[in-house]
Each structure stands twice: as C-alpha cells, then as structure tokens.
Amino acid sequence: MSLISQIISQLVNGLQSGSIYALVALGYSMVYGIILLLNFAHGDIIMIGAYVVFYAMTSFSLPPLVAVLLAVIACTLLGALIEKVAYTPLRSAPRLSLLITAIGVSFLLENGAQLVFGAGAKNVPSFIDGGVQIGDVYLSYVSVVTILVSVASMVVLTFLVQKTKLGKAMRAVSEDMGAAQLMGISLNRTISFTFAVGSALAGIGSVLYICAYGQASPTMGSMLGLKAFVAAVLGGIGSIPGAMIGGFVIGLLEALVTAVGLSTWKDGVVFAVLIVVLLVKPTGILGRQITEKV
Amino acid sequence: MKKIVCFVLAAAMALSLAACGNGSEGNASGGDTIKVGIIANTSGDSSQYGIAVSQGAKLYIKQLNEEGGINGKQIEVVEYDDKGATADAVNAYERMKSDGVTAVIGAVLTNTTLAVADKTYEDNMPQVTASATAASVTVLDPTDPSSDIRTNVFRACFIDPFQGEKMAEYAQKLGATKCAVLYDSGNDYAKGVGDAFAAKCEELGIECTIEGYATGDKDFKAQLTNIKASGAEYIMCPNYLEDVGLIVTQARQQGITAGFLGGDGWSGVSAYASAEDLEGSYFCSGYALGSNAEFEEAYAAEYGEAPKQMFEALGYDAALLMCNAIKSAEEQGLEAGSDEYKQAVIDAMKATNGLEGVTGTFSFDDQNNPIKSASILQIQGGEEVFVENF
C-alpha cells in the first residue's frame, strides 16, 4: 500500500465517521436554532434508534429496509414526545432549567435503556456488505452509503428550511418568537415539527451508525452526542452547512490524528481545536454574528 | 446484674479457650492422614469460581484416596469458605493452621489469595492457588525486578503476559512473518497481553506493528488502515469482547482478510460479531471444555453436572500439583506438619517438571508461575472449537 492510497483510505475513514457526526450535529443545530436549547438527549435518541434496528432485525426478522424505516419513525415520535413532555411545559422558564431538563432526559434514556435492554452491547447483523477495490484503496459500500446519505439529508433539509412554508415558519420562529406568533404562525406546531425533523435525522444517523459499527449499547449516544455537539459549535451552531462542515472536520481530524499514531490523544486534539476555533471565531466557522441589543 | 454479666463473659471466655484447646489437639500430625486445607469462596458474589475450584480440587483428592492415598496415608481435606472477603480468608487460614494442615490450596480470587499469601509466607506454608492471576501473588513487588518472591506460593493458572507470548509463538507456528497488535491502551489486561505479544514477536523475528486506542472508542478504522498498510498476516486483539466485536467487524468492512488472534477473554466472542467475520480466528484459554473427556466425565459423575469453564480443571490441577509435591516429602520420611516437611513440599513443588495435568504439562519458572501449554481454540462457524494444547 503506497503512502498516497493510505492517505486516501484515511480520508475516507474520516469522511465516514464525519458524516455520522454531521447528521447528529444537524439535529443539535436545528433545535438550538429555534429555541436556543442544547438538546443533550439527542445522542440518546440515536441509541434508541439503534435498538429499534436491532430488535426489528433479530427478534422480528424484518428486512433491513423495514427496520430502517421503523427506526426513523420511532426516533421521530420519541423526539416529538420528549419535546411535549419535558420541554413544552418549560418554554417560559429560564434557559438553564431547560438545559438541566435536557440532561435529565438524557440520563433517563440511558439508564432506562440499561434497565430494559441490559447493560451489555447487542450485536446487530450487518446489512451492507462488500466494497470495491480501486487501485490500492478499498472502498466499502458502507462508507459510500454513509457519506451519500448524509449529504443527501443535508440537501433535503436545506430545501425544507429555505423553500417550504413550514421552513419559512421555522426561520421566522427562530428570528423572533413573539413576532412570528403575532403573524399567525403556530408556535407549538412549528417547534414540534423542528424536533421531529431533528429526531428523524437522528434516526437516519442511528441506522448509519449501526451499518458502520454493528453494535448497540445503552451509552453509545453520550460520546457521539458530545462529539456532534462540538461539530455543531465548530461549524457555527444554528447553521445547516456549518453543522455538516463541523462534522466532517471532526471526523477527518480524528482519522488523521489516529493515523499518525496519536490515537489516545484523539479526543484531546478534537477538543483543543474547538477551543482554538472559539478563541479566533467565537460564532464558529459559518456562524452568524448576532449583535445583542441592550 | 454486673456480676451476672461478668460471669457470663468469663464462662464464654473459658469455653472459647476450651474450643481452642480442642482445635490444637487435632494438631497431632503423625496419624495416618495428611491434612490439606482448601480455602475457596463457596458462598457470596463470585462463588461460581470458588465452588468450581473447590469441587475440582476435591475430585482429585478423592481419586487419589481411592487409589490408596500417599504413602499409605489418606488425604484429609479441611475446607473453609472465605466468602470472597480478605478477613474471612485470613481467619480460614488461621483456623486450618490450628487444625494441623500441612499445605493450603487456595484462595480463589486475587485479593483473598494475596491476604492468605501474606500469612503463609510468614509461616513458610506451601500454598498453591488455582486461579489468582496477579503477579503480586508470587512476587512481593512486581514493579521491582530484583524483588523477593514468595518462595512458598505457586499457581496453576497462567498470568496475563504469558498468553501474549504463547500467541506470538503460535503465530510463528502458523507461518506469520508480519503481525500487528491493536489494544485498549487504558486497560492493564489488554496492554499486558499485547505488549508481551509484541516483545515476543520481535524476539522471534516477526515484524509487529502496535496500534492503541482509548477506552470507550468505537471507531477503529484509522488504526485498521495503518495495520492493513503494514501487511500484517495476523492481528492480535486481546481486548474486551465488545471492542473485539467492533474491531473484527470494521476490519472486514475495510477488506482486511488477516486472521485474528485473542487471549482468554475471547471466550463467548461469537455473540459480538458475525460468524463469517470471526471465522478462523484463534485464541488461547487456560482450559478448553471438551479437551479432556476423562476429567469431564469424572467430574460430571461426582457432581451431577459437567464443568462449565476452566476453573474446575484448574482446581483439579492445583490439588494435583500439591499432592505430587507432598508425595516427595513423604518419601523422605519427614513428619507431616513439621518445618522440614513444609520446606520439602515447597522444594518438590518448585522442582515440578513435566507433570501432566488436565490443563497442560506443568513446570515452574523462577517466579513460581507455571510454564505449561495453553489450549488453542479456533472459531469455526460461530463455534469455539478446541484445536490443540500448545
């Protein structure tokens, strides 16, 4: 294997894990964009999605495509449910209460999953096998599918936000909640919709995660969620292309740091880069400069 | 009232003294039995290990007695439960010492074994543990290469680095010229086995690439790409099962066809990766179920259920080692329980050479760890199949 093909392989590795971070980061970004809430339960919604895939495929022997659909539907419903039960009653409460509630929901999901599914990891049969050999570089179908799906999701999401009526409502709510309500936009519906879309993305993320790693465990969402949060902040939280860029940057960074033999420093380097970016450009790579009126 | 309390206390004290007296009367060791102590946690949290070891050891002693014992004397087992607690283990030892035992088999867990070893070392009492793997059981300070060793303490199981060396030798046997290790750098077990593997590879002239990862990592593609580029034919992966499953699956996704090797933590790995991905992987174990039908049938006949793991067999071998050493002390005509007798047992144990046990052929190295064969197993169609003792 030549150095060039080794570098290309590592870039593909980075893009693949980066795509998953990006998808999760999109969910973070959307929710933050609309109600300024860091939804820490987002990573754990992915975990639930992964278990749905597992049980659908092993206990009910459903075909992979049905399992995927079920996971996306389950995540969407769960996201909307969490929003209704945990966040809606706190809409007028201080933002700190919301943040703490989000952490509580995250713990509830993690520990509930340990209780219901058991603490050990579950092995999910892989449903995308094989790959192509291009010169020295072996490209697995899983990585191709992962990268394509996440880019497609971003395109669809951009279209949804920029071109549809609901998207317009979302942008309006994020700009000024009060004014949007006065203009006849249903606040509850718009916010629920945003949570549902973000969670659907988490569902897609969980399927891609399962394809890549083939294992579901109760705590899988916590580190994934944290990394995706870093990705969202790095790219500029609230910005859709920013979340994508942030995800890819972190995935690539991790792959390259590991490739040069600093694998145990991987997380350290990621968080160090975050600190540097925030020092230089506090709103992230594509973040909007918001001037607070005093 | 006070007087009554005093009287009761005094009576209790007198009784307990009397009890002590009875105990030491049993110290008469010149009779026709040889007393051997067994300390095992037969109740409590990890009692499955203690029960397995104790039953294995007692099976050997029963068989030996049926064949006429040692030197015409029967072996009498004095067994106390330590409940997995260090204080109880020390009490159990003190009690069996006053019962007049001449050697101790046990304890089972590492912490209880260490507690007992501290005491037996003071008394120069021969001790063999079936299952405690920590280096500090036989060496006072494992971090100091010139540290004193506990000359009286032996073990029947192998220690962690030994597995790495065995698997490196096995890789050489499989014809490997390039190998790789991928381990969790934050896990003592994985690092101990992995580093020993790499060192042995170097010694054997096998090129070995070492890749590490942080505890909790789920993505190993970058390390695996490096390993693929190194051209490794075998990848040693001595990690916990969840990580092993992730690594093997991701390796196959990357088109890596190299074989995988593992340590004794691999037992049960089939639940964590698909059978095709694992096919042909080798790992070693202290004992492979199914590799010694004679022992397993005898065990099942005695206890009504077959051995479940390696601990029954290790308990059996611990008793075998101890009784074999006692045999040579008996042949010298020494008095059981005397200091010379204990020293003779220890010397004989140390000199053990090529003794056939259930889990392998035993000798001891200079740190009282066994040099013996490991059971090699291979994953075939999702099943763990015994290949050979190597």
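This is a guided tour of a predicted model, with a suggestion at each stop of what to select and a note of what is found there.

**The two domains of chain B**

Begin by selecting residues 32-158 together with 292-371 of chain B, which the domain assignment gives as domain 1, and then colour residues 161-285 of chain B separately, since these are given as domain 2. With both coloured, you can place a marker at the C-alpha centre of each, and the two centres of domain 1 and domain 2 of chain B lie 33 Å apart. Where the domains meet, four residues of domain 1 of chain B are in contact with four residues of domain 2 of chain B. Between them, these two domains bury about 400 Å², and 81% of that area is on carbon and sulfur atoms. To see where the domain 1 side of this area comes from, select F158(B), M310(B) and I371(B), which lose the most area to domain 2 of chain B and together account for 93% of what the domain 1 side buries.

A search for charged pairs at this boundary gives zero salt bridges between domain 1 and domain 2 of chain B, and the count of residue pairs in polar contact, with both residues at pLDDT 80 or more, is likewise zero. On the side of domain 1 of chain B that touches domain 2, the residues divide into four nonpolar, no polar and no charged.

**Where chain A meets chain B**

Next, show both chains and select the residues at the boundary between them, where 25 residues of chain A are in contact with 26 residues of chain B. The area buried between chain A and chain B is about 2,200 Å², of which carbon and sulfur atoms give 47%. On the chain A side, pick out N123(A), Y213(A) and Q215(A), which lose the most area to chain B and together make up 24% of what that side buries.

How many salt bridges are counted between chain A and chain B? The count is one, and you can display it by selecting K266(A) and D217(B), whose closest N and O atoms are 3.3 Å apart. Across the same interface of chain A and chain B there are also 14 residue pairs in polar contact, with both residues of each pair at pLDDT 80 or more.

Now colour chain A by its elements: those that give two or more residues to the side touching chain B are helix 1 (3-35), strand 3 (137-140), helix 8 (187-213) and helix 10 (240-259) of chain A. Helix 1 of chain A gives the most to this side, with six residues. Sorted by class, the side of chain A that touches chain B has ten nonpolar, 14 polar and one charged residues.

**A residue in helix 1 of chain A**

Stay with helix 1 of chain A and select S29(A), which lies in it. Is S29(A) buried or exposed? With a relative accessible area of 1%, S29(A) is buried. Leaving aside neighbours within four places in sequence, S29(A) is in contact with A232(A), G236(A), I237(A), G238(A), S239(A) and A243(A), so these six residues are worth showing as sticks around it.

**Salt bridges within chain A**

Over all chains, a search of the whole structure finds 19 salt bridges. Select E83(A), which is buried at a relative accessible area of 1%, and then add K84(A), which forms a salt bridge with E83(A) with the closest N and O atoms 3.7 Å apart. K84(A) itself is partly exposed, with a relative accessible area of 43%. E83(A) also forms a salt bridge with R91(A), where the closest N and O atoms are 3.1 Å apart, and R91(A) counts as partly exposed at 25% relative accessibility.

Move on to D267(A) and K227(A), which form a salt bridge whose closest N and O atoms are 3.1 Å apart. This pair links distant parts of the chain, with D267(A) in helix 11 (residues 266-280) of chain A and K227(A) in helix 9 (residues 220-235) of chain A, 40 residues apart. K227(A) counts as buried, at 4% relative accessibility.

**A loop in chain B**

Finish by selecting G255(B), which lies in the loop between helix 8 (241-253) and strand 9 (259-262) of chain B. At 25% relative accessibility, G255(B) counts as partly exposed. Not counting residues up to four places away in sequence, G255(B) touches Y138(A) and K228(B). A distance drawn between the C-alpha atoms of G255(B) and A229(B), 26 residues apart along the chain, comes to 12 Å.

Notes. Residues numbered from 1 in each chain as written. Chains lettered and ligands numbered in written order. Predicted model: local features only at pLDDT ≥ 70, side-chain atom pairs only at ≥ 80, totals over all residues. Heavy atoms only, no water. Domains from an automatic or database assignment. Contact = heavy atoms within 4.5 Å. Buried area = accessible area lost by both parts, 1.4 Å probe. Salt bridge = Lys/Arg side-chain N within 4 Å of Asp/Glu carboxyl O. Polar contact = N/O pair within 3.5 Å; in protein donor to acceptor, adjacent residues only side chain to side chain. Nonpolar A, V, L, I, M, F, W, Y, C, P; charged D, E, K, R; others polar. Helix = DSSP H or I, 4+ residues; strand = E, 2+ residues; numbered from the N terminus. Buried < 20%, exposed > 50% of the residue type's maximum accessible area, 1.4 Å probe, protein only.
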